[in-house]
Structure formats: C-alpha cells, structure tokens
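The following exercises are to be worked through with the sequence and the model side by side. Each task is followed by a solution in steps.

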Amino acid sequence: MSLAGDIFAIYETRGVQGYFGEHVSMTEHGLQTAHFARAEGAPDTLLLAALLHDIGYLLENVPDALEDWTLDACHEEIGARWLAERFDASICEPVRLHVAAKRYLCTTDAGYRARLSAASVRTLELQGGAMRAPELTQFEREPFWREAVRLRRWDDQGKVAGLATRPLRDYLGLIERLARRD
Ligand code: FE
C-alpha cells in the first residue's frame with residue numbers, strides 16, 4: 001500500500017476514537033488542526049505536521065479515558081519517530097516538539113494556560129508542567145521550535161465540536177508529494 005493509503009487506514013480504523021476529554025474524534029482533531037494551519041497560510045510541510053501531529057496516539061495503545069492515565073504516553077515521541085522514517089525534519093520535528101511547545105507557552109505567554117481545555121491542563125501536569133528558565137533556552141535552540149509553537153496554537157484550537165473541515169482524502173496528494181524518496 002502507498003504511504004498515503006497506510007496513513008488513511010490508520011485514521012479510518014483508529015481515528016474514530018474520542019480525543020481525550022474533548023468533543024471531537026482523533027481524526028477530527030487532526031483535520032481541525034490542519035484547518036487552522038491552512039487558514040494562517042502555513043507552508044505545506046507545517047500543514048502536514050498539523051494534520052499528523054497526534055498520530056502517535058493512534059500507533060500505540062493508550063487508555064480510552066483520561067482518568068486512566070497515570071503516565072504521560074509520550075505520544076509526540078512515538079509519532080515523531082514514525083514520521084521521521086517517512087518525512088523530512090520540517091514535518092517530524094514540529095510534531096516531536098509540540099508538547100514541549102505547550103510547556104513553553106505556559107511560561108512565556110501570560111494567559112495561555114487559562115485558555116487551555118481542562119483535559120489539556122490535566123496532561124500538562126503529566127508532561128512536566130510549565131518550563132523553567134534553562135529549559136526555555138534549550139527549547140529555543142531547537143531548529144524547529146518556532147514551527148512547534150505555531151503548531152501548538154492550532155492544536156489548541158482544533159477541538160470544536162461539529163466544525164466543518166476538508167476530509168482526510170483531500171490530503172492524500174500532499175502526503176505522497178512530501179514523502180521521502182530515499
Ligand atoms: Fe493535539
């Protein structure tokens with residue numbers, strides 16, 4: 001099967017599950033995150049990163065209910081590792097850093113934390129809480145930290161029940177075009 005076919009199958013079979021504690025499915029959440037990326041004129045690589053940023057949740061077994069989480073699932077690492085075998089750093093690195101970007105924004109953007117959903121505040125604790133000064137400096141040394149912060153803001157927006165978006169199949173061409181050839 002093609003890479004686009006593989007990804008389509010992953011979302012079709014596992015993406016129907018709810019996005020922890022939110023009113024959208026995992027697939028809807030990815031499509032909405034991409035929707036907001038497109039609305040801001042994101043480049044194609046970042047648009048694809050937005051679409052696939054939570055694929056790590058679909059590759060691993062994580063509990064259905066948020067209350068069952070005792071450990072952070074490290075979904076960003078799982079997803080980024082899978083994506084790194086198939087796409088360039090401009091796609092997998094913002095995915096790897098999107099949780100760190102939430103911790104970064106909690107420290108650097110007054111009011112950001114207050115806008116987070118209840119579920120997102122709950123996972124923040126498991127993810128290490130707001131960043132401290134040495135971590136901020138380290139984060140800003142990452143080549144794709146700015147892209148990760150942009151992705152994070154779309155991620156936070158992509159939780160709107162019933163929002164109309166393009167369907168997943170509209171992205172299959174983009175996936176094939178950006179897939180690594182080596
Ligand atoms: Fe997300």
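**Exercise 1. Aromatic pairs**

How many aromatic pairs does a search of the whole structure find? Describe the pair formed by Phe-139 and Trp-145.

Solution. The structure is a predicted model.

Step 1. Searching the whole structure yields three aromatic pairs.

Step 2. Phe-139 and Trp-145 make up an aromatic pair, with 6.1 Å from centre to centre and 65° between the planes. Planes over 60 degrees apart count as edge-to-face, and this pair is edge-to-face.

Step 3. Phe-139 has a relative accessible area of 4% and is buried. Trp-145 is buried as well, at 14%.

Step 4. Together with Tyr-104, the residues Phe-139 and Trp-145 form one aromatic cluster.

**Exercise 2. The surroundings of helix α7**

Determine why helix α7 (residues 98–108) is described as largely enclosed by the rest of the structure, and identify the helices against which its buried residues pack.

Solution.

Step 1. Nine of the 11 residues of α7 are buried, and the helix is therefore largely enclosed by the rest of the structure.

Step 2. The buried residues are His-98, Val-99, Ala-100, Ala-101, Lys-102, Arg-103, Tyr-104, Leu-105 and Cys-106. Tyr-104 is also a member of the aromatic cluster with Phe-139 and Trp-145.

Step 3. The packing partners of these buried residues are α5 (75–84), α6 (89–96), α8 (112–115), α9 (118–126), α10 (133–139) and α11 (145–157).

**Exercise 3. The packing of α7 and α9**

Establish how the axes of α7 and α9 are arranged, and name the residues through which the two helices meet.

Solution.

Step 1. Two quantities describe a pair of packed helices: the angle between their axes and the distance between the axes.

Step 2. For α7 and α9, the axes come within 11 Å and the crossing angle is roughly 100°.

Step 3. Angles from 65 to 115 degrees count as roughly perpendicular. The helices α7 and α9 are therefore roughly perpendicular to each other.

Step 4. On the α7 side, Lys-102, Arg-103 and Cys-106 take part, and they meet Ser-120, Thr-123 and Leu-124 of α9. Sorted by class, this contact contains two nonpolar, two polar and two charged residues.

**Exercise 4. Salt bridges within helices**

State how many salt bridges the structure holds, then analyse those of Arg-96 with Glu-93 and of Arg-152 with Asp-155 and Asp-156.

Solution.

Step 1. The total for the structure is 10 salt bridges.

Step 2. Arg-96 and Glu-93 meet through their side chains in a salt bridge, at 2.8 Å from N to O. The two residues are separated by about one helical turn, because they stand three residues apart in helix α6.

Step 3. Arg-96 is partly exposed, with a relative accessible area of 25%. Glu-93, at 18%, is buried, since the cut-off for buried is under 20%.

Step 4. In helix α11, Arg-152 and Asp-155 lie three residues apart, about one turn of the helix. Their side chains meet in a salt bridge of 3.4 Å, N to O, and both residues are buried. The relative accessibility of Arg-152 is 4%.

Step 5. Arg-152 also forms a salt bridge with Asp-156, where the closest N and O atoms are 3.1 Å apart. This pair, too, lies in α11, four residues apart and about one turn of the helix.

Step 6. Elsewhere, salt bridges that share partners link Glu-93, Arg-96 and Glu-142 into one network.

**Exercise 5. Thr-33 and helix α3**

Is Thr-33 buried or exposed, and which residues does it contact beyond its neighbours within four places in sequence?

Solution.

Step 1. Thr-33 belongs to helix α2 (residues 26–39). Its relative accessibility is 0%, so it counts as buried.

Step 2. Beyond those sequence neighbours, Thr-33 is in contact with Ala-50, His-53, Leu-151, Trp-154, Asp-155 and Gly-158. Among these contacts, Asp-155 is also a salt-bridge partner of Arg-152.

Step 3. Another of the contacts, Ala-50, is a buried residue of α3, alongside Leu-46, Leu-47, Leu-48, Ala-49, Leu-51 and Leu-52. Helix α3 (residues 44–52) is mostly covered, with seven of its nine residues buried.

**Exercise 6. A loop residue**

Locate Gln-17 and state how far it lies from Thr-27.

Solution.

Step 1. Gln-17 sits in the loop between α1 (3–14) and α2. With a relative accessible area of 19%, Gln-17 is buried.

Step 2. Gln-17 and Thr-27 are separated by 10 residues in sequence and by 8.2 Å in space, C-alpha to C-alpha.

Methods
Residues are numbered from 1 along each chain as its sequence is written. This is a predicted model: local features need pLDDT of at least 70, side-chain atom pairs count only at pLDDT 80 or more; totals for chains, interfaces and linings use all residues. Side-chain values use heavy atoms; hydrogens and water are left out. Buried means under 20% relative accessible area, exposed over 50%, partly exposed in between (1.4 Å probe, protein chains only). Contact means heavy atoms within 4.5 Å. Axes are lines fitted to C-alpha atoms, for helices over the stretch in contact, and angles run from 0 to 180 degrees between N-to-C directions. Angles under 35 degrees count as roughly parallel, over 145 as roughly antiparallel, 65 to 115 as roughly perpendicular and the rest as oblique. Ala, Val, Leu, Ile, Met, Phe, Trp, Tyr, Cys and Pro count as nonpolar, Asp, Glu, Lys and Arg as charged, and the others, Gly among them, as polar. A salt bridge is a side-chain nitrogen of Lys or Arg within 4 Å of a carboxyl oxygen of Asp or Glu. Rings of Phe, Tyr and Trp (its six-membered ring) pair if their centres lie within 6.5 Å; planes under 30 degrees apart count as stacked, over 60 as edge-to-face and the rest as tilted.
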